[in-house]
Amino acid sequence: MGKTDHTENKNPRQRIFVCDDNVKLRSSIESILGYTYDVSGASNGQELLDGLAQDSNFDLILLDNNMPGMSGIEVLRKLGEKYPHIKVVMFSGDKGIKEECLRAGSSAFIEKSVSIQEVSRIIGDVLSEGMMKKENKKSIEIVQESDKGS
């Protein structure tokens with residue numbers, strides 16, 4: 001399980017787990033995303049699940065579908081059961097599985113033919129949406145607490 005961190009900033013950064021059996025592609029993605037996020041990597045679904053069993057404090061998983069052992073969709077379903085707090089973005093060369101991935105709980109689907117800049121933009125959008133939901137939930141909780149005091 002690899003980890004890329006390009007900063008010495010002590011502020012907590014959002015964490016991404018990249019799971020793809022293509023080592024060269026995974027390393028490139030980890031390297032690029034590592035400038036903005038705290039990135040870890042796995043080469044297959046079981047390695048990803050083992051890593052999450054040790055540390056599940058991740059914001060997003062970028063998950064390939066075609067890997068040895070479990071398919072990405074199988075892993076996606078397990079992630080939804082065990083780690084529903086983690087956003088998952090499916091990443092595949094097979095656009096025919098897009099609808100199945102979205103129905104199974106993927107926050108987004110990225111075709112492998114897109115640029116790394118587009119991958120980064122989509123990840124940013126998914127993470128921003130998640131942060132907005134967390135902030136809205138906090139705001140609602142604060143309002144509810146203040147209403148109780150009235």
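**Entry 1: the strands around S4**

I began with S4 and S5, which pair in the parallel sense over five bridges. I noted that Leu 62 stands opposite Val 89 in S5. Following the chain onward, I saw it cross from S4 through helix H3 (residues 72-82) to S5, and I recorded this β-α-β crossover as right-handed. I should say at once that this is a predicted model, and that I read every value below as computed from it.

I then turned to S2, which pairs with S4 in the parallel sense over four bridges. In this pairing I found Ile 16 opposite Leu 60 in S4.

How many of the five residues of S4 are buried? I found that five of the five are, so S4 is largely enclosed by the rest of the structure. Looking at the directions of the side chains, I wrote down that Leu 60, Leu 62 and Asp 64 point one way from the strand, while Ile 61 and Leu 63 point the other way, and that all are buried.

**Entry 2: S5 and S6**

I looked next at strand S5 (residues 87-92) and strand S6 (residues 108-111), which pair in the parallel sense over four bridges. I picked out Ser 92, whose bridge partner in S6 is Glu 111. Between these strands I traced helix H4 (residues 98-103), and I entered S5, H4 and S6 as a right-handed β-α-β unit.

**Entry 3: the chain as a whole**

I counted five helices and six strands in the chain, and I wrote their order from the N terminus as β-β-α-β-α-β-α-β-α-β-α. I noted that buried residues make up 39% of the 150 residues in the chain. For contacts between residues at least 6 apart in sequence, I recorded that 60% join residues at least 24 apart.

**Entry 4: the aromatic pair**

I searched for aromatic pairs and found that the structure holds one. Phe 17 and Phe 58 form this pair, which is tilted, with 4.8 Å centre to centre and 40 degrees between the planes. I checked where the two residues lie: Phe 17 is in strand S2 (residues 15-19), and Phe 58 is in the loop between helix H2 (45-54) and strand S4 (60-64), so that the pair links distant parts of the chain, 41 residues apart. Are these two rings' residues, Phe 17 and Phe 58, buried or exposed? I found both of them buried.

I also looked at what lies over the ring of Phe 58, and there I found the charged end of Arg 15, 4.0 Å from the ring centre.

**Entry 5: Arg 13**

I located Arg 13 in the loop between strand S1 (2-4) and S2. Why does Arg 13 count as buried? Its relative accessibility is 18%, and the cut-off for buried is under 20%. I then asked what its side chain reaches, and I found the backbone oxygen of Tyr 37 at 2.7 Å. I also noted the backbone oxygen of Tyr 35, which lies 3.4 Å from a polar atom of the side chain of Arg 13.

**Entry 6: Cys 19 and Asp 20**

I placed Cys 19 in strand S2 and recorded it as buried, because its relative accessible area is 1%. Leaving aside neighbours within four places in sequence, I listed the contacts of Cys 19 as Ala 42, Asn 44, Gly 45, Leu 48, Leu 62, Leu 63, Asp 64 and Met 67. I also looked up Met 90, which is 71 residues from Cys 19 along the chain, and found the two C-alpha atoms separated by 9.7 Å.

I found Asp 20 in the loop between S2 and helix H1 (23-33). Asp 20 counts as buried because its relative accessibility is 1%. Not counting residues up to four places away in sequence, I saw that Asp 20 touches Leu 25, Arg 26, Ala 42, Ser 43, Asp 64, Met 67, Phe 91 and Lys 112.

**Entry 7: Ala 53**

I closed with Ala 53, which lies in helix H2. I entered Ala 53 as exposed, because its relative accessibility is 55% and the cut-off for exposed is over 50%. Ala 53 and Tyr 83 are 30 residues apart in sequence, and I noted a C-alpha to C-alpha distance of 9.8 Å between them.

Key
Residues are numbered from 1 along each chain as its sequence is written. This is a predicted model: local features need pLDDT of at least 70, side-chain atom pairs count only at pLDDT 80 or more; totals for chains, interfaces and linings use all residues. Side-chain values use heavy atoms; hydrogens and water are left out. Rings of Phe, Tyr and Trp (its six-membered ring) pair if their centres lie within 6.5 Å; planes under 30 degrees apart count as stacked, over 60 as edge-to-face and the rest as tilted. Buried means under 20% relative accessible area, exposed over 50%, partly exposed in between (1.4 Å probe, protein chains only). A charge sits over a ring if NZ of Lys or CZ of Arg is within 6 Å of the ring centre and within 35 degrees of the ring normal. A polar contact is a pair of N or O atoms within 3.5 Å; within protein, one must be able to donate a hydrogen and the other to accept it, and residues adjacent in sequence count only if both atoms are side-chain atoms. Two strands pair if DSSP finds at least two bridges between them. A crossover is right-handed if, with the strands pointing away from the viewer, the path from the first strand over the helix to the second runs clockwise. Contact means heavy atoms within 4.5 Å.
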